Amino acid sequence: MQIYLPIAEVSVNAFLLLGLGGIVGVLSGMFGVGGGFLMTPLLFIIGIPPAVAVATEANQIVASSFSGVLAHLKRKTVDLRMGTVLLVGGLIGAALGVVVFNYLKAQGQVDLLVKLCYVVFLGVIGGLMFIESLNAIRKTKSGKAPARKKHNWIHGLPFKMRFRVSGLYISVIPPVLVGISVGILAAIMGVGGGFIMVPAMIYLLGMPTKVVVGTSLFQIIFVTAFTTLLHATTNFTVDIVLAVLLLVGGVIGAQIGTRIGVKMKAEQLRILLALMVLVVCGKLALDLLLMPAELYSIGAAGH
Amino acid sequence: MRYLAAFLIFILTLPALAEEVVLGLSKDTVSIDTSFDGSEILIFGAVKREAPIPAEPRLQVIVTVSGPSEEVVVRRKEKRLGIWVNTDAVEVDRAPSFYAVSTSTLLGLSLTDTEDLRHRVSIPRAIRSVGAPDTIEDATKFTDALIRIKSKANQYQLNEGTISIDEQTLFRTAIKLPAALTEGDYKTRIFLTRGGNVISKYETSIYVRKVGLERWLFKLSRENALIYGLMSLAIAISAGWLASAVFRIFRA
């Protein structure tokens, strides 16, 4: 069934969009990532103009994250306190990110920088997570108890706060900094930032994996809602029809994904996320390295 | 057929002047609704004349349909430090979002180069590019690329020999509009040529409009962007909540 999208001004297959939304929704619920880093490139491929894809994707992530958070709230696996601290940083970062984005746009090459950002971040994060979770799986198999978390420099910082759900007593500075950097990247790359946030929470803040997913989703809702409004009011690129089609699939997928995620072991969850991140990274890297079939591209004029 | 009959009566009652076009369209408005998946417009007409039909050279007809023009940038990738990067860019001052040329025979036979230049009929002539920087020597490659990419998407069409002419008087053709269509007035021109020279020209417009929900959403997104944005968020949040509620019922 073909459907004409009023803002994107293209006609696409409605079932294709529902299916895409569903698959990305499952992943979103399982891993606590918004799925934007998967969906945005997929939308480019089916012919949605990039500006519309990025803005609409933000809106869809709001829906799937909200659906996911509700499921996590019932399970009490959301650290609202930590989420709020991260969010404060995230909003500051998003505002900074828009400034950085506009600066890069004035220099040209914004596409390339966004893609390089993706390749570098996805590659590094995916690689580290993969190795770490592989080691964790090996350790549990050999029967050794996992090493207790060591106290590091993070625990020496001031403004300590107790995060009961995560079982942490740490300074608010690292979470705010994590929030800011994720916010910046989110605005530049047009994603919720979950794939950066999740590993940062696990490895930098030492939060338990089960809590990380819900908390990440919680703060993604607000950052992407902010981004959606920004795009809708400045660039007029949010396509509500596209968003509805994606989110109908997405919210259902997120519910299924959350249930799958609960049944799986933390290490397995992490290794799967790592593999997925690496695959997307590889695809984007190939795009940069291989000679494209069409060397020329058409863009809207703008200075 | 109904159109055709009414139209023939119309032209027969007109006082004949010279060799001139009288035109009909199957529809002069294309409505883009939610299920829009491209459209086809039938363009038909007749040649009105007072003198007997000149035997030679034969009459040829050219029809062009052109969408709203826009300024675009064509970029070229080059390998730098191992990766493919956009390097050179050429601005095209005016490129129609849609452009179709239909002819009764090969375009080169229906129209001389001078006439093409004057009326901007062929696809390369319909595009205007003056802004190529001095550093780029092969600027024509950029406009070629624009035409190639747009042609692949069916947005630029050269349909040679698709106009049928009966008795050098009646002609008709069909123009296929692709699904990815932008709103605007689509300028439609009909040229009558003999020996490559334009002997008559006729212009009209086809109106492409979003209707119903499409129109309402598009207007809202431009005129009340904040409300539109908030509405998008409200829909997203309620859909998220609904899915979660439905699943809870399922499990209970």
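This report walks through a predicted model of two chains, A and B, taking the helices, the sheets and the contact between the chains in turn.

A little bookkeeping comes before the tour. Residues count from 1 along each chain as its sequence is written, while chains get letters from A and ligands get numbers from 1 in the order in which they are written. As the model is predicted, local features need pLDDT of at least 70 and side-chain atom pairs count only at pLDDT 80 or more, while totals for chains, interfaces and linings use all residues.

**Helices in chain A**

Helices (H or I, at least four residues) and strands (E, at least two) are DSSP runs, numbered from the N terminus. Here are two helix pairs of chain A. Their axes are lines fitted to C-alpha atoms, for helices over the stretch in contact, with angles from 0 to 180 degrees between N-to-C directions. A crossing is left-handed if the near helix is turned anticlockwise from the far one by less than a right angle, and right-handed if clockwise.

| Helix pair | Axes come within | Crossing angle | Handedness |
|---|---|---|---|
| α3(A) and α8(A) | 8 Å | roughly 150° | left-handed |
| α1(A) and α9(A) | 5 Å | roughly 35° | right-handed |

How do α3(A) and α8(A) run relative to each other? They are roughly antiparallel, a label for angles over 145 degrees (under 35 is roughly parallel, 65 to 115 roughly perpendicular and the rest oblique). Among the residues making their contact are A55(A) and H72(A) of α3(A), and V213(A) and H231(A) of α8(A). Being in contact means that the C-beta atoms of two residues, placed from the backbone, lie within 7 Å.

That contact has twelve nonpolar, nine polar and no charged residues. For the classes, Ala, Val, Leu, Ile, Met, Phe, Trp, Tyr, Cys and Pro count as nonpolar, Asp, Glu, Lys and Arg as charged, and the others, Gly among them, as polar. The contact of α1(A) with α9(A) has 19 nonpolar, 13 polar and, again, no charged residues.

**Sheets in chain B**

Now for chain B. Two strands pair if DSSP finds at least two bridges between them. Four strands make an open, antiparallel sheet in the order β1-β3-β10-β9, with β1 (20–25) and β9 (164–166) of chain B as its edge strands. On average, neighbours in this sheet are turned by 20° against each other, direction ignored. Three bridges join β9(B) to β10(B), and I165(B) has F171(B) as its bridge partner.

Six strands form another open sheet, this one with mixed pairing, in the order β2-β12-β11-β4-β7-β8 of chain B. β2 (29–32) and β8 (156–159) of chain B each have a single partner strand, so one side of each is left without a neighbour in the sheet. The average turn between neighbours here is 15°, direction ignored. Eleven bridges join the antiparallel strands β11(B) and β12(B), where F191(B) is partnered by K201(B).

**Where the chains meet**

The contact between the chains takes 48 residues from chain A and 46 residues from chain B. Elements supplying at least two residues on the chain A side include β1 (2–5), α5 (110–142) and α10 (266–289). By class, that side has 33 nonpolar, twelve polar and three charged residues.

One residue to look up is Q2(A), in strand β1 of chain A. Q2(A) touches S35(B), D37(B) and A179(B), among others. Is Q2(A) buried or exposed? Q2(A) is partly exposed, with 15 other C-beta atoms within 10 Å; 20 or more would make a residue buried, 12 or fewer exposed, and C-beta atoms are placed from the backbone.

Notes. Lists of a residue's contacts leave out its neighbours within four places in sequence.
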